[in-house]
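Welcome to the tour. Please open your viewer, show the cartoon, and keep the selection box at hand.

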Amino acid sequence: MLLAPALDVGTALLWGVFATGVLTLLMAASQGLGWSRMSLPFMIGSMFTSHRSRAMVLGFTFHFAFGMAFALLYALVFEDWRRATWWLGGLLGTFHGLFMLIVVMPALPDLHPRMAGKHHGPTPTRQLEPPGFMGLNYGRNTPAITLVAHILYGVLLGTFY
């Protein structure tokens, strides 16, 4: 009989809030400093509304909810492997970041109702630029910043879970 790992939900969510906050802070700082033009909260929120300020509020809400869900997923991995270390969290964060950059970013135009596609340019309703492979359309530093932010997310969860 297989037993489910004893997940410490409270700890996972607590450090998930912190790790998501750090990831969001790094991504926002990189945008403010001109290192990247990508705003994950805006990209997420604009999937649900065309109103820019509402999109930011919705985007931050969903982004933090996704951060909590991923924190629980990381905690499940830590429990299954019976260890939570900074380097294991960093490895999970590396996979997480690379998956976002290589799989999710190029697929986003097919999922996002307000994003132009690679083969279909902007229209009155599709005005967001597609991120392209690894988010490179949002600046050449975008992949590195995104990957570092996700690695740090994992390191924080692995260290404190």
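Where does helix α4 bend, and by how much? Select residues 86-111: the helix bends by about 45 degrees at V104, the bend at a residue being the angle between axes fitted to the seven residues ending there and the seven starting there. Within four residues of that point comes a proline, P106. Helices here are DSSP runs of H or I with at least four residues, strands are runs of E with at least two, and both are numbered from the N terminus.

Before you go on, note that this is a predicted model, in which local features need pLDDT of at least 70 and side-chain atom pairs count only at pLDDT 80 or more, while totals for chains, interfaces and linings use all residues. Residues are numbered from 1 along each chain as its sequence is written, and side-chain values use heavy atoms, with hydrogens and water left out.

**Stop 1: the buried side of α4**

Stay on α4 and colour its buried residues, among them L88, L92, H96, L101, M105 and L108. Buried means under 20% relative accessible area, exposed means over 50%, and partly exposed lies in between, with a 1.4 Å probe and protein chains only. Now show what covers them: the cover includes α2 (40-45), α3 (52-80) and α5 (142-160).

**Stop 2: the largest pocket**

Next, turn on a pocket surface. Rolling a probe the size of a water molecule over the atoms shows where empty space is left. The largest pocket holds about 410 Å³ of space. Among the 20 residues that line this pocket, select L40, I44, H63, F66 and M100, which are the closest to its centre. For the method, a 1 Å grid is laid over the protein atoms alone; a pocket is an open set of points where a 1.4 Å probe fits, with protein on both sides within 12 Å along at least five of seven lines, and lining residues have an atom within 4 Å of a point. Grid points are joined across faces, edges and corners, and the volume is the space filled by probe spheres set on the points.

Which helix gives the most to the lining of the largest pocket? That is α4, with six residues, while α1 (9-32), α2, α3, α4 and α5 each supply at least two. Colour the lining by type and you will find 14 nonpolar residues, six polar and no charged. Here Ala, Val, Leu, Ile, Met, Phe, Trp, Tyr, Cys and Pro count as nonpolar, Asp, Glu, Lys and Arg as charged, and the others, Gly among them, as polar.

**Stop 3: aromatic rings**

Show the aromatic side chains as sticks; the structure holds eight aromatic pairs. Rings of Phe, Tyr and Trp (its six-membered ring) pair if their centres lie within 6.5 Å; planes under 30 degrees apart count as stacked, over 60 as edge-to-face and the rest as tilted.

Start with W15 and F18: their ring centres are 5.6 Å apart and their planes stand at 85 degrees, so this pair is edge-to-face. Because they are three residues apart in helix α1, about one helical turn separates W15 from F18. W15 is partly exposed at 23% relative accessibility, and F18 is partly exposed at 40%.

Move to Y74 and Y153, with ring centres 5.3 Å apart and planes at 90 degrees, so that pair is edge-to-face as well. This one links distant parts of the chain, with Y74 in helix α3 and Y153 in helix α5, 79 residues apart. Y74 is buried at 4% relative accessible area, and Y153 is buried at 2%. Add F78 and Y161 to the selection: ring pairs link Y74, F78, Y153 and Y161 into a cluster.

**Stop 4: two positive phi angles**

Select R82, in the loop between α3 and α4. Its phi is near 55 degrees, a positive value in a residue other than glycine, and R82 is exposed at 74% relative accessibility. Then go to M134, in the loop between α4 and α5. Phi of M134 is near 60 degrees, again positive in a residue other than glycine. Is M134 buried or exposed? M134 is buried, with a relative accessible area of 18%.

**Stop 5: α1 against α3**

Finish with A12 in helix α1, which is buried at 1% relative accessibility. Leaving out residues up to four places away in sequence, A12 touches A71, L72, A75, L157 and Y161, where contact means heavy atoms within 4.5 Å. Then pick M68 in helix α3: its C-alpha atom and that of A12 are separated by 7.8 Å, though the two residues are 56 apart along the chain. With neighbours within four places set aside, M68 is in contact with L13, G16, V17 and T20.
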